[in-house]
Amino acid sequence: MKLLIVDDEELTRIGLINSIDWESLGIFTLFQAEDGVSGLRIAREVRPEIILCDVRMPRMNGIELVERLEKLLPNSAFIFMSGYSDKEYLKAAIRLKAINYVEKPLDPAEVAATIKEAYHCVRQNMKTVKNELFYSREGDSSFAAALTQPYKVSRETIAALAKELKIKLTPSLSVTSFVVKVEQSQADLNHMNQILTDLEIFLSYSCNRVYYISKYIQYHIFHILSPAPLSSPSMDRIGAFLKKCFQQTCAFYISKGETYTGISKAYDSYASAVSLMQSSFFFDSGTYFTPEKKMTVNTEKPGNGSYNRYVVLLSEAVLSKDLNTVKDLLLQLHHEFYQQKNIFPHEARDLYYKLFMVLEDCRQQLRLAPATEPENAMKLLENCFSFNKLHDKLTQKAELLFEAARSYMPDNSTIFLIKDYIHTHYHNDSLSVRDIGNEVFLSASYVCTYFNETGQTINQYLTEYRLKKAKELLADPGYQIADISLKVGYSNGNYFSKSFKKLTGLSPSDYREKMLK
């Protein structure tokens with residue numbers, strides 16, 4: 001919580017700040033003000049949960065300050081500091097329902113005990129408000145869900161919920177729906193609650209209401225109801241406010257539906273917002289779609305022949321090691337899909353999956369070691385929120401392939417196949433020479449003899465490769481060392497640590513500590 005200390009004596013403020021272990025009381029942010037006027041200004045800005053203020057101060061005393069803050073901060077706790085002679089002030093403090101008061105000269109232990117009491121009081125207030133808000137929003141979300149269905153289907157539900165929620169369904173009622181699509185991995189319930197609260201406050205100044213529902217995790221629908229039709233600039237201010245809220249939290253797209261009059265037209269507004277959102281994948285993240293704003297888009301849809309052309313040409317260019325042609329092809333590809341409204345996202349993903357597979361096939365034909373971890377291309381593509389991200393993944397894979405081609409000295413075909421099998425299966429703790437031999441159609445003993453020509457045994461190469469991957473994972477503090485051990489093919493954590501220390505001279509934990517300094 002945040003605490004504001006208001007006292008005209010600087011020594012009192014500094015003494016309090018330095019003599020109490022605030023964090024142990026749940027206070028992590030402290031503010032101070034020299035009088036009531038300054039205290040009022042700071043309280044409006046930072047909204048502290050607890051205010052500790054002197055009764056007697058110049059310009060505005062503590063009683064006047066709390067009188068002004070009661071409506072602004074209804075769930076905050078107020079504590080007065082006063083001298084023995086301030087009895088009249090204390091009577092006023094009791095009328096204001098101040099949680100407590102502490103007498104001057106101040107005893108830090110007494111102040112700490114009072115703050116602790118205030119902390120629990122505020123927590124209880126917050127819990128009550130949260131429960132009330134939860135039940136209120138439950139009804140609101142049911143109403144919002146009904147507005148996403150055709151009126152002939154949801155008419156009775158809308159009427160019943162409107163009566164229960166005391167919503168006046170007047171003929172002049174204006175409805176506009178906003179749809180926000182967010183990146184699935186970044187969706188956060190706490191952020192959404194905060195955004196909805198901020199939007200409710202923003203709309204309250206103009207007597208508008210918002211009814212919100214979430215669909216399929218990624219989609220957030222906001223129905224804006226107004227007593228009378230709003231102007232286009234007014235609606236765009238709401239859209240700009242929503243955009244600003246989401247910019248602080250995650251990647252997103254936002255679309256505004258047509259504005260309609262009458263609750264029977266609510267579904268039409270929602271449907272028009274959904275329609276605008278359908279081609280969002282091919283636009284830049286953060287794009288705001290409106291019915292009034294016509295995007296400059298590609299109109300010609302490439303046919304299947306065009307798709308196949310990219311598959312063939314990319315393969316030929318990579319195998320010829322023609323980097324310039326590959327770059328030109330990728331630019332042409334981006335131009336065909338970017339801001340395209342006549343193609344479905346799954347069509348782009350299907351083509352890009354084929355192109356990923358083309359690059360992987362070329363890598364094997366050129367006998368190049370994988371530049372990165374073996375990846376599930378389908379999963380990688382499905383996780384791309386926008387076309388630009390999808391295209392960037394393909395471009396990055398092509399660049400890494402050419403980088404590997406420049407620096408890699410290819411082995412003969414059998415050695416390459418052996419190494420490639422190790423690169424793909426090193427995480428399997430039961431990987432054996434027999435498995436590798438079966439892959440290259442050689443006996444286990446002959447595989448060992450054959451590989452020894454590289455100057456290493458297969459086991460030496462496998463160990464070094466596993467520990468190389470371990471080093472990469474240790475650079476990420478999000479991985480536990482026990483998990484890393486399993487990821488690189490060691491089911492025994494102690495054996496992993498011994499092998500790692502033998503190769504590097506450091507234990508895995510010491511290596512990580514050195515890396516992250």
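**Entry 1: His223**

I started at His223, which sits in strand β8, residues 219–226. Everything I note here is read off a predicted model. I asked for the relative accessible area of His223 and got 0%, so this histidine counts as buried. Next I wanted a polar partner for the side chain, and I found the side chain of Ser177 at 2.8 Å. I then listed the contacts of His223, skipping residues up to four places away in sequence. Ser177 turns up again in that list, along with Thr176, Ala144, Leu147 and Thr148. The rest of the list is Arg209, Val210, Tyr211 and Tyr270.

**Entry 2: whole-chain numbers**

I stepped back for the totals. I get 21 helices and 11 strands. The protein has 517 residues, and 44% of them are buried. Among contacts with a separation of 6 or more, I find that 71% join residues 24 or more positions apart.

**Entry 3: the nonpolar cores**

Which residues touch the most other members of the largest nonpolar core? I got Phe143, Leu225, Ile263, Val318 and Phe337, out of 58 residues in that core. Helix α12, residues 345–365, gives this core its largest share, with eight residues. I picked Val318 for a closer look and left out anything up to four places away in sequence. Val318 touches Val326, Leu359, Cys362, Leu366, Leu401 and Phe402. I also found a second core, separate from that one, with 26 residues. Its members include Ile422, Val447, Val488 and Phe496.

**Entry 4: helix α20**

Phe496 took me to α20, where it is buried together with Ser499 and Phe500. I checked how these sit around the axis: the buried residues of α20 fall within an arc of 100°, so they line one face of the helix. That made sense to me, since an α-helix has 3.6 residues a turn, so residues three or four places apart point the same way. On the other side of α20 I find Asn494, Tyr495, Lys498 and Lys502 exposed. What covers the buried residues? I noted α18 (458–474), α19 (481–487) and α21 (508–515) among the elements that do.

I also tested the length of α20. It runs over residues 493–504, and at 1.5 Å a residue its 12 residues should span 16 Å; I get 16 Å between the end C-alpha atoms, so the two agree. Then I looked at both ends. At the N-terminal end, Asn492 caps the helix, with a side-chain oxygen 2.9 Å from the backbone nitrogen of Asn494. After the helix comes Gly505, with a positive phi near 85°.

**Entry 5: helix α8**

I ran the length test on α8 too, residues 232–247. Its 16 residues should span 22 Å at 1.5 Å a residue, and the end C-alpha atoms are 22 Å apart, so that agrees. The buried residues I find in α8 are Ser234, Met235, Ile238, Gly239, Leu242, Cys245 and Phe246. They cover an arc of only 145° around the axis, so I put them on the same side of α8. Arg237, Lys244 and Gln247 are exposed on the other side of α8.

**Entry 6: cysteines**

How many disulfides are there? I count zero. I looked up two of the cysteines anyway. Cys53 has a relative accessible area of 0%, so it is buried. Cys245, from α8, comes out at 10%, which also counts as buried because the cut-off is under 20%.

**Entry 7: positive phi at two arginines**

Most residues other than glycine have a negative phi, so I went looking for exceptions. Arg47 has a positive phi, near 50°. It lies in the loop between α2 (36–46) and β3 (50–54). Is Arg47 buried, exposed or partly exposed? At a relative accessible area of 45%, I call it partly exposed. Arg59 also has a positive phi, near 70°. I place Arg59 in the loop between β3 and α3 (62–72). Arg59 is exposed, at 60% relative accessibility.

**Entry 8: Thr114**

Last stop was Thr114, in helix α5, residues 108–146. Its relative accessible area is 7%, so I have it as buried. Leaving aside neighbours within four places in sequence, I find Thr114 in contact with Ile79, Asn100 and Val102. I took the C-alpha distance to Asn100: 7.0 Å, across 14 residues of sequence.

Methods
Residues are numbered from 1 along each chain as its sequence is written. This is a predicted model: local features need pLDDT of at least 70, side-chain atom pairs count only at pLDDT 80 or more; totals for chains, interfaces and linings use all residues. Side-chain values use heavy atoms; hydrogens and water are left out. Helices (H or I, at least four residues) and strands (E, at least two) are DSSP runs, numbered from the N terminus. The expected span of a helix is 1.5 Å times one less than its number of residues. Buried means under 20% relative accessible area, exposed over 50%, partly exposed in between (1.4 Å probe, protein chains only). The arc is that of the directions from the helix axis to the C-beta atoms. Contact means heavy atoms within 4.5 Å. A polar contact is a pair of N or O atoms within 3.5 Å; within protein, one must be able to donate a hydrogen and the other to accept it, and residues adjacent in sequence count only if both atoms are side-chain atoms. A disulfide is a pair of cysteine sulfur atoms within 2.5 Å. A nonpolar core is a set of buried Ala, Val, Leu, Ile, Met, Phe, Trp, Tyr and Cys residues joined through side-chain atoms within 4.5 Å.
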